[in-house]
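Please open the model in your viewer and keep the selection panel within reach. The stops below say what to select next and what is there.

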Amino acid sequence: MSIFRDGLFAGKTAFFTGGTSGIGLAIAERLAALGARTTLFSRKQEKVDAAVQGIAARGGEARGFAGDVRNYADLEAALKQTREAWGEIDFLFCIAAGNFPAPATGMSANGFKAVIDIDLLGTFNACRAAHEHLRKPGASVISISANQAQVACPYQSHVCAGKAGVEMLSKTLALEWGPQGIRVNCITPGPIDETEGMSRLAPSDAARASMIRAVPLRRMGSKDDIANVAVFLCSDAAAYVTGSIYNCDGGTGLIGARLLEGSAPPS
Ligand code: NAP
Ligand code: COA
């Protein structure tokens with residue numbers, strides 16, 4: 001269900017890192033349904049192809065690139081080709097991320113680095129590489145964070161550190177790019193149903209029930225809940241919104257650090 005009018009984003013171009021599954025794909029599908037041309041960028045060619053075909057089958061316009069956000073040249077190439085095909089980029093979504101539950105002593109330095117490099121360095125790379133292609137004034141950058149940026153969470157040291165960095169990076173770029181008319185914001189989801197992230201963090205019925213008990217609104221969010229905030233932030237209704245962190249989490253971010261039943265990895 002969309003409260004937004006048909007054709008809202010006609011003529012606009014959106015670039016997504018991590019737009020090929022889960023929350024990213026849901027946002028890309030919604031923007032495409034509202035008329036935006038969408039570029040989807042992620043590592044696995046088969047996921048890229050399936051996502052592009054899915055959007056095209058619904059009458060949307062999409063193109064895809066297989067690449068890794070840890071590789072700056074991959075992003076440069078995909079952004080350049082998007083610009084050549086469709087002109088300046090109106091919306092940049094930084095969504096690519098990695099997660100696995102593990103205590104700090106249960107992950108190697110390389111395991112910690114893998115998540116920091118995808119989440120934080122990958123977001124920097126996408127923003128840095130996209131800047132020359134963003135429409136000025138008028139572009140909007142949206143990064144997807146997580147409650148772990150604001151609330152410490154056991155077995156999530158890599159994600160807590162990486163996403164906290166994403167939120168502060170976003171605020172810093174809002175300051176640097178505001179004078180050019182580029183808005184930079186974050187959406188911070190809580191637990192979102194039917195996603196890879198939740199299948200990793202709440203892999204059992206007990207973990208899922210525990211997760212829901214910790215949400216003040218007493219339900220998991222949906223991918224649509226996040227897409228609704230994304231559409232708002234892209235729209236003219238958010239023309240004066242920059243440097244903001246939009247928690248879309250059922251109030252989960254108000255709750256302190258917790259250990260979820262059934263979500264602990266084997267020791
Ligand atoms: P997901 O379906 O696994 O989405 C991750 C996306 O990133 C996929 O498209 C994946 O595609 C891509 N990706 C991963 N590593 C990449 C890399 N190195 N380079 C380029 N692309 C890469 O997971 P999700 O649960 O929907 O999560 C989406 C976002 O929401 C993430 O930023 C996550 O931190 C955030 N979030 C999720 C939840 C939740 O409840 N699920 C809660 C809070 C925040 P490939 O495998 O093809 O690379
Ligand atoms: N516990 C501890 N360490 C783990 C782990 C786990 N469950 N899973 C991976 N690692 C470690 C690996 O052992 C490796 O460290 P090592 O070289 O010292 O052995 C390091 O993490 C990198 O693993 P690798 O598989 O080479 O990384 P990758 O770049 O191919 O994948 C991940 C990145 C690990 C984040 C992978 O889970 C991924 O691709 N995730 C994307 C999807 C996702 O997480 N979606 C949810 C988003 S919220």
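**Stop one: two oblique helices**

Select α3 and α4, which are oblique to each other, because an angle counts as oblique when it is neither under 35 degrees (roughly parallel), over 145 (roughly antiparallel) nor 65 to 115 (roughly perpendicular). The model is a predicted one, in which local features need pLDDT of at least 70 and side-chain atom pairs count only at pLDDT 80 or more, while totals for chains, interfaces and linings use all residues, and side-chain values use heavy atoms, with hydrogens and water left out. Residues are numbered from 1 along each chain as its sequence is written, and chains are lettered from A and ligands numbered from 1 in the order in which they are written.

Helix α3 covers residues 72–86 and helix α4 residues 109–130, and the two pack at an angle of about 40° with their axes 9 Å apart. Here helices (H or I, at least four residues) and strands (E, at least two) are DSSP runs numbered from the N terminus, and axes are lines fitted to C-alpha atoms, for helices over the stretch in contact, with angles running from 0 to 180 degrees between N-to-C directions. α3 passes α4 in a right-handed crossing, a term for a near helix turned clockwise from the far one by less than a right angle, anticlockwise being left-handed.

Now show the side chains of Tyr-72, Leu-75, Glu-76 and Leu-79 in α3, which meet residues of α4 including Gly-122, Asn-125 and Arg-128; contact means heavy atoms within 4.5 Å. By class, this contact has 6 nonpolar, 2 polar and 2 charged residues, where Ala, Val, Leu, Ile, Met, Phe, Trp, Tyr, Cys and Pro count as nonpolar, Asp, Glu, Lys and Arg as charged, and the others, Gly among them, as polar.

**Stop two: from α4 to α5**

Keep α4 selected and add helix α5 (residues 157–177), whose axis comes within 9 Å of that of α4 and crosses it at roughly 15°. That angle makes α4 roughly parallel to α5, and the crossing of α4 past α5 is right-handed. Among the residues that meet here are Phe-112, Ile-116 and Phe-124 in α4 and Val-166, Leu-169 and Trp-177 in α5. The residues of this contact divide into 12 nonpolar, 6 polar and 2 charged.

**Stop three: two backbone details**

In the loop between α4 and β5 (140–144), find Pro-137, which is joined to Lys-136 by a cis peptide bond with omega of about -5°. Then move to the loop between β5 and α5, where Tyr-155 is found; Tyr-155 has a positive phi of about 70° although it is not a glycine.

**Stop four: α1 and α8**

Select helix α1 (residues 22–33) together with helix α8 (residues 223–234), which pack at an angle of about 50° with their axes 9 Å apart. The two helices are therefore oblique to each other, and their crossing is right-handed. The contact includes Ile-23, Ile-27 and Arg-30 of α1 and Ile-226, Val-231 and Cys-234 of α8, and its residues divide into 9 nonpolar, 2 polar and 3 charged.
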